[in-house]
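Work through the exercises below with the coordinates loaded. Try each task before reading its solution.

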Amino acid sequence: MSRKVQEPRGWSPYLAGALAGVLIVFSVWFTGKYVGASTTFVRAAGYIERAAVPERVGMMEYFLKEAPKIDWQFLFVIGIFFGSLIASTTSKSFRWQAVPTMWEQRFGPSRTKRAIAAFVGGAIAIFGARLADG
Amino acid sequence: MNELIYGLVTGIIFGFLFQKGRVLRYDKQIGALRLLDMTIVKFMFSTILVAMVGVYLLKDLGMAKLSIKPTILGSNIIGGLIFGIGWGILGYCPGTQLGALGEGRWDAVWGILGMLVGAALFAEAYPALKASVLTWGVYGKITIPEVLGINHWFVVAVFVAIGMLMFRWFEKKGL
């Protein structure tokens with residue numbers, strides 16, 4: 001797809017953000033659930049590790065605290081993928097992109113470079129998020 | 001089972017709003033960290049202000065309980081700094097990168113894989129962290145109104161006022 005095709009602008013971030021706030025209020029009201037995402041990566045990592053070394057995962061303190069299971073938050077995180085897919089494909093704003101525009105301007109078009117940085121950045125970010133408990 | 005369906009539906013609507021608000025992309029996330037484009041801050045603060053008012057209203061009506069994370073200065077501060085470094089490199093958040101993938105930004109796959117590895121490493125490090133960083137400056141489940149000994153609506157009002165001033169400043173500066 002050509003970059004010259006003007007992408008639709010989307011909604012005001014104030015409006016979309018406020019609606020997300022209303023959604024949180026309803027979620028807390030009806031189900032008592034507060035939103036979050038980072039615990040899901042712990043549970044998913046526990047699942048994968050358990051398939052390889054079940055005895056070890058069964059003894060690890062953090063996996064006892066945050067057991068590998070599919071819970072509300074796990075489905076919430078998966079839902080985010082589908083919600084974005086629906087919103088973007090129905091508004092002509094979906095675009096396959098391996099290297100973000102701003103990244104490319106600074107670090108060049110190498111996919112490998114971007115992949116390595118994203119992987120390392122992701123590992124660091126989740127470690128910090130879990131340490132801060134947020 | 002019901003709980004899982006609620007989770008999925010809530011996530012779908014969230015992801016929809018994230019995409020419509022244009023907050024998922026690397027350029028928007030890093031644009032905020034570089035103080036060039038405050039789109040994600042506008043989104044987040046709008047969400048926080050609305051949810052803050054609504055949830056405290058529910059609490060006062062006895063219809064909801066707050067979910068308060070414990071304050072541990074050591075792990076909150078150090079964890080926050082580590083998160084910021086990783087976020088600045090990756091350019092996606094733990095939750096939003098699934099949404100970035102949903103709109104075709106597939107470098108998020110590397111971030112997701114990195115996060116699975118990082119979470120596994122955290123689980124390995126947890127016993128050592130629990131004996132050190134997680135014991136530094138433990139204050140338990142405290143809130144700002146409790147600490148200040150004032151009614152929570154004063155604090156909510158101050159946050160709303162700060163948010164409005166910030167929004168006005170963003171619009172004035174064209175951020």
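**Exercise 1. Surface of chain A**

About how much area does chain A expose, and what share of it do carbon and sulfur atoms supply?

Solution. Note that the model is predicted. Take the area: chain A exposes about 7000 Å². Then split it by atom type: carbon and sulfur atoms supply 65%.

**Exercise 2. Fold and spread of chain A**

List the secondary structure of chain A, then judge its spread from the radius of gyration.

Solution. Step one: count the elements. Chain A has seven helices and zero strands. Along the sequence the pattern reads α-α-α-α-α-α-α. Step two: apply the globule rule. For 134 residues the rule gives 14 Å, but the radius of gyration of chain A is 19 Å, well over that value, so chain A is more spread out than a compact globule. Step three: look at the box. Along the principal axes, the C-alpha atoms fill roughly 55 × 45 × 25 Å. Step four: check burial and contacts. Buried residues make up 49% of chain A. Among contacts with a separation of 6 or more, 51% join residues 24 or more positions apart.

**Exercise 3. The same survey for chain B**

Describe chain B by its elements, extent, burial and surface.

Solution. Start with confidence. Chain B averages a pLDDT of 97, and 100% of its residues score at least 70. Next, the elements: eight helices and two strands. From the N terminus they run α-α-α-β-α-α-α-β-α-α. The C-alpha trace spans about 45 × 45 × 40 Å along its principal axes. Of its 175 residues, 49% are buried. Residues 24 or more positions apart provide 63% of the contacts with a separation of 6 or more. The accessible surface is about 8600 Å², with 73% belonging to carbon and sulfur atoms.

**Exercise 4. Charge layout**

How many positive and negative side chains does chain A have, and how far apart are the centres of the two sets?

Solution. Chain A has 16 positive and 8 negative side chains. The two centres lie 12 Å apart. Repeat for chain B: 15 positive, 9 negative, with centres 6 Å apart.

**Exercise 5. One residue in its setting**

Is B:Ser75 buried or exposed?

Solution. Locate the residue: B:Ser75 lies in helix H4 of chain B, residues 73-90. Its relative accessible area is 2%, under the 20% cut-off, so B:Ser75 is buried. Now list contacts, leaving aside neighbours within four places in sequence. From chain A come A:Leu131 and A:Ala132. From chain B come B:Gly80, B:Val133 and B:Leu134. Finally, note the model's scores: ipTM 0.95 and pTM 0.95.

Note on methods
Residues numbered from 1 in each chain as written. Chains lettered and ligands numbered in written order. Predicted model: local features only at pLDDT ≥ 70, side-chain atom pairs only at ≥ 80, totals over all residues. Heavy atoms only, no water. Helix = DSSP H or I, 4+ residues; strand = E, 2+ residues; numbered from the N terminus. Rg over C-alpha atoms; globule rule 2.2 N^0.38 Å. Buried < 20%, exposed > 50% of the residue type's maximum accessible area, 1.4 Å probe, protein only. Contact = heavy atoms within 4.5 Å. Areas by Shrake-Rupley, 256 points an atom, 1.4 Å probe, with all protein chains shown as cover. Lys, Arg positive; Asp, Glu negative; His and termini not counted. Charge placed at Lys NZ, Arg CZ, Asp CG, Glu CD. pLDDT = per-residue confidence, 0-100.
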